[in-house]
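Please look through the structure shown here with its nonpolar interior and its cysteines in mind. The paragraphs below take these topics in turn.

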Amino acid sequence: MSAVADVRKNRTTGDIAFACATGTAKTELVALITARKIRVIALVLSAASAVNVTFQSASTDISKVFTLSATDLIVVLPWSPFGWFDTAAGEALSYTPDGVVATTCTVVYVKI
């Protein structure tokens, strides 16, 4: 059985889901889920030009700053069974570029 199948059957983490958003300012990726956390287990982030991006649980930063430079406009966090970061329970997952730059983000997440 693959590791992905194991995660899908884990009643603690729930089913794997996907979300995608495009924006130039703070952008919500996943709406809040009452009494549940959102754990990002993979993501792809791209930008039209150089920018710094952080991920938030409501208004609290939950990730390091991702720096997309003029020569490297994409960030990929590969699938991790432990996840990369979590929101607080009952809070939405969003991301914010530090400038008015077109960004696109796709996340793979589980509800815990």
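Two residues are taken to be in contact when they have heavy atoms within 4.5 Å of each other. With that cut-off, and bearing in mind that this is a predicted model, a useful place to begin is leucine 93, which, when residues up to four places away in sequence are not counted, touches Glu28, Leu29, Val30, Ile38, Val40, Phe55, Gln56, Ile62, Phe85, Thr87 and Val107.

Leucine 93 also belongs to the largest nonpolar core, a set of 24 residues in which Leu29, Leu45, Phe55, Leu93 and Val107 are those with the most contacts inside the core. The elements that each give two or more residues to this core are β1 (16-23), β2 (27-30), β3 (38-47), β4, β6 (66-68), β7 (74-77), β9 (93-97) and β10, and the largest share, five residues, comes from β3. Apart from this core lies another one, of five residues, among them Ile16, Ile41, Val108 and Val110.

Strand β4, which covers residues 51-57, also holds serine 57. This serine counts as buried, at 2% relative accessibility, and, leaving aside its neighbours within four places in sequence, serine 57 is in contact with Ile62, Thr87, Ala88, Glu91 and Ala92.

The cysteines can be followed next, starting with cysteine 105, whose place is in strand β10, residues 103-111. Not counting residues up to four places away in sequence, cysteine 105 touches Ala19, Cys20, Ala21, Leu29, Val44, Leu45, Phe55 and Tyr95. Cysteine 105 and threonine 27, although 78 residues apart in sequence, are 9.4 Å apart in space, C-alpha to C-alpha.

Since Cys20 is among the residues that cysteine 105 touches, one may ask how many disulfides a search of the whole structure finds. The search finds zero. For cysteine 20, the nearest cysteine sulfur is that of cysteine 105, 7.5 Å away, and for cysteine 105 the nearest is, in turn, that of cysteine 20. A disulfide requires a pair of cysteine sulfur atoms within 2.5 Å, so this pair, with its sulfur atoms 7.5 Å apart, does not count as one.

Are these two cysteines buried or exposed? Cysteine 20 is exposed, because its relative accessible area is 53% and exposed means over 50%, whereas cysteine 105, with a relative accessible area of 0%, is buried, the cut-off for buried being under 20%.

Note on methods
Residues are numbered from 1 along each chain as its sequence is written. This is a predicted model: local features need pLDDT of at least 70, side-chain atom pairs count only at pLDDT 80 or more; totals for chains, interfaces and linings use all residues. Side-chain values use heavy atoms; hydrogens and water are left out. Buried means under 20% relative accessible area, exposed over 50%, partly exposed in between (1.4 Å probe, protein chains only). Helices (H or I, at least four residues) and strands (E, at least two) are DSSP runs, numbered from the N terminus. A nonpolar core is a set of buried Ala, Val, Leu, Ile, Met, Phe, Trp, Tyr and Cys residues joined through side-chain atoms within 4.5 Å.
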